Protein chains: 2
Amino acid sequence: MNIADQIYSATDSATQDRARAIRDQLRDAIVDRRLAPGTKLSEGEVGTLFDVSRTVARAALQMLSFEGLVRTERNRGAFVANPSPEEARQLFASRRLIEPGIAIAACGRVTATDIAAFKAQLDEEGRFIAERGPTARRSEIKASGDFHLLLAAVAGNAILQRFMEELVARSSLVIALYGRSGISACGHSEHTEIVGALESGDCGRASRLMLHHIDHIEADLDLRVRAGPALREALNF
Amino acid sequence: MNIADQIYSATDSATQDRARAIRDQLRDAIVDRRLAPGTKLSEGEVGTLFDVSRTVARAALQMLSFEGLVRTERNRGAFVANPSPEEARQLFASRRLIEPGIAIAACGRVTATDIAAFKAQLDEEGRFIAERGPTARRSEIKASGDFHLLLAAVAGNAILQRFMEELVARSSLVIALYGRSGISACGHSEHTEIVGALESGDCGRASRLMLHHIDHIEADLDLRVRAGPALREALNF
DNA sequence: TCTACCCAAATCGTATGCAATCTTTTTTGC
DNA sequence: GCAAAAAAGATTGCATACGATTTGGGTAGA
């Protein structure tokens with residue numbers, strides 16, 4: 001089974017409209033850092049890029065704005081979000097609150113099929129960790145996020161699932177911005193442990209592991225305010 | 001049916017985004033049940049009602065769609081959401097997960113000014129409980145929701161605050177749909193207790209009280225699938 | 001009388017045009 | 001030479017127009 005199908009089945013598939021398809025592509029680009037934070041996304045530019053009118057481009061940008069991935073300023077345009085350290089802290093505080101509960105919910109509903117999907121996901125992660133280079137690292141961040149989204153899908157709460165989609169997307173941006181590089185293999189092993197807890201039905205353990213996992217992800221960030229980002233932020237905005 | 005009669009048009013001539021103003025008015029109307037679930041909100045009708053073009057009306061409806069207060073179907077239009085019992089359960093499951101944590105966060109940051117605001121809010125609630133009639137009941141539901149939003153604001157996490165805005169709005173709709181009427185005074189007294197816990201700095205107690213409070217709200221709902229709503233749902237969709 | 005088909009009305013999806021606003025550059029006064 | 005004002009350029013905000021899709025009604029045929 002394809003993970004994307006599971007994740008996006010709730011919000012309906014791509015046949016809905018073009019704005020959603022453009023949003024998805026832009027979101028991928030932002031999360032993958034192919035679009036740097038602060039990059040201006042003008043309606044006209046996005047429109048010509050995807051060969052649609054400004055109307056459709058505008059709708060896509062509005063969606064991303066709701067998700068917190070782009071920031072729009074009146075009469076000025078849309079910019080790729082440049083999350084501040086404070087925003088990053090709030091992001092992970094939110095995840096600490098939500099994800100242990102999601103782990104418990106998922107644990108209570110997980111099926112053999114789900115377990116197989118988790119293992120496929122873990123394999124996918126492992127593949128990127130073995131590789132080197134920035135492309136592999138971006139893929140790795142994305143795969144790591146997909147693990148959390150898969151868990152949210154298994155938990156079976158559409159509302160929380162949507163919240164997690166937003167949190168994971170923004171987290172990926174934050175990790176790309178502030179992450180040191182060392183902890184990836186650690187994160188993967190923690191994912192493996194969580195799946196193990198799910199498989200053995202130990203919900204409490206799954207929840208605790210998830211909490212620690214999030215702590216570890218955040219601990220890997222360097223959220224000190226540095227001259228570089230601050231300067232760039234000042235110039236961009 | 002004409003929806004003009006059910007929306008009061010308070011011309012908020014703020015220089016702000018008009019779409020946002022329209023969204024706010026529509027949201028109030030939906031949460032207050034002046035717009036019944038299932039009501040069709042055509043772009044043209046909303047536009048003429050608020051004296052804007054379909055473009056702006058469409059943007060407002062899109063925002064409400066993101067919040068889960070309206071459901072849009074391609075080439076058919078937007079309809080006021082008609083949350084199912086299952087959706088209601090997921091809603092309250094989400095709140096059980098998030099709000100105790102919000103209570104703890106708020107407890108750690110609450111100031112004397114905040115406490116005063118809470119007490120003013122409690123007074124407001126009490127005023128509507130004393131009254132009778134459907135109008136007072138709607139105001140009461142709204143005031144009750146505002147309490148939770150105030151708590152979220154005090155907690156100081158913008159992300160969770162936005163989540164709570166959505167959850168409270170949808171909960172208000174659910175309560176209006178499925179709520180029995182008896183528990184209102186009980187909810188108010190529980191709010192009072194929570195403020196008391198905040199004031200005395202007992203964060204654990206505030207969190208536990210909040211959890212029980214949410215349980216009580218949900219317990220007050222009649223989520224059994226009845227013939228009426230099921231039929232209406234079948235007809236609406 | 002019932003069913004199937006077709007056409008008209010309504011509504012949405014999208015493109016495009018114009019006015020307002022912001023930014024940048026140029027010009028002008030000192 | 002520098003600062004301030006003004007004009008030019010770019011981009012968004014919003015309205016409107018037109019094609020596409022759905023819906024409901026009416027008519028013809030069995």
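Asp51(B) is found in the loop between helix H2 and helix H3 (54-67) of chain B. In this predicted model, phi of Asp51(B) is near 60°, a positive value in a residue other than glycine. Its surroundings are sparse enough for a clear label: Asp51(B) has 10 C-beta neighbours inside 10 Å and therefore counts as exposed, the limit for that class being 12 or fewer. Chain A offers a case of its own in Arg33(A), which is not a glycine but has a positive phi of about 65°. Arg33(A) sits in the loop between H2 and E1 of chain A. Because 18 C-beta neighbours lie inside 10 Å, Arg33(A) counts as partly exposed; a buried residue would need 20 or more.

The loop that holds Arg33(A) leads on to the sheet of chain A. Here 3 strands form an open sheet, in the order E1-E3-E2, with antiparallel pairing. Strand E1 (40-41) and strand E2 (70-73) of chain A stand at the edges, and each has a single partner strand, so one side of each is left without a neighbour in the sheet. The pairing of E1(A) with strand E3 (residues 77-80) of chain A is antiparallel and runs over 2 bridges. Within this pair, Leu41(A) has Ala78(A) of E3(A) as its bridge partner.

In chain B, strand E2 (residues 70-73) pairs with E3(B), again in the antiparallel sense, over 4 bridges. Glu73(B) stands opposite Gly77(B) of E3(B). The hairpin of E2(B) and E3(B) has 3 residues between the strands, and in this hairpin Asn75(B) takes a positive phi near 60°.

Gly77(B) comes up again at the DNA. Of the 19 residues around DNA strand C, those that come nearest are Ser53(A), Thr55(A), Ser42(B), Glu43(B) and Gly77(B). Two or more residues of this surface come from each of helix H2 (18-31) and helix H4 (54-67) of chain A, and likewise from helix H2 (43-50) and strand E3 (77-80) of chain B. H4(A) provides the largest share of the surface near DNA strand C, with 3 residues. Sorted by class, the surface near DNA strand C holds 8 polar, 7 charged and 4 nonpolar residues.

The two protein chains can then be considered as a pair. A turn of 180°, with a shift of 0.0 Å along the axis, lays chain A on chain B with an RMSD of 0.1 Å. That is the relation of a two-fold axis. Among the residues of chain A, Ile98(A) comes closest to the rotation axis, its C-alpha lying at 3.2 Å.

The contact between the chains takes 17 residues from chain A and 16 residues from chain B. On the side of chain A that touches chain B, the elements giving two or more residues are H4, helix H5 (85-109) and helix H8 (158-178) of chain A. H5(A) gives the most to this side, with 7 residues. By class, the residues on the side of chain A that touches chain B are 10 nonpolar, 6 polar and 1 charged. Of the interface residues of chain A, 88% are also interface residues in chain B, so the copies meet through the same surface. H4(A) thus appears in both settings, on the surface near DNA strand C and on the side of chain A that touches chain B.

Key
Residues are numbered from 1 along each chain as its sequence is written. Chains are lettered from A and ligands numbered from 1 in the order in which they are written. This is a predicted model: local features need pLDDT of at least 70, side-chain atom pairs count only at pLDDT 80 or more; totals for chains, interfaces and linings use all residues. Two strands pair if DSSP finds at least two bridges between them. A residue is near a molecule or strand if its C-beta atom, placed from the backbone, lies within 6 Å of it. Ala, Val, Leu, Ile, Met, Phe, Trp, Tyr, Cys and Pro count as nonpolar, Asp, Glu, Lys and Arg as charged, and the others, Gly among them, as polar. Copies are superposed by least squares on the C-alpha atoms of residues with pLDDT of at least 70 in both. Two residues are in contact if their C-beta atoms, placed from the backbone, lie within 7 Å.
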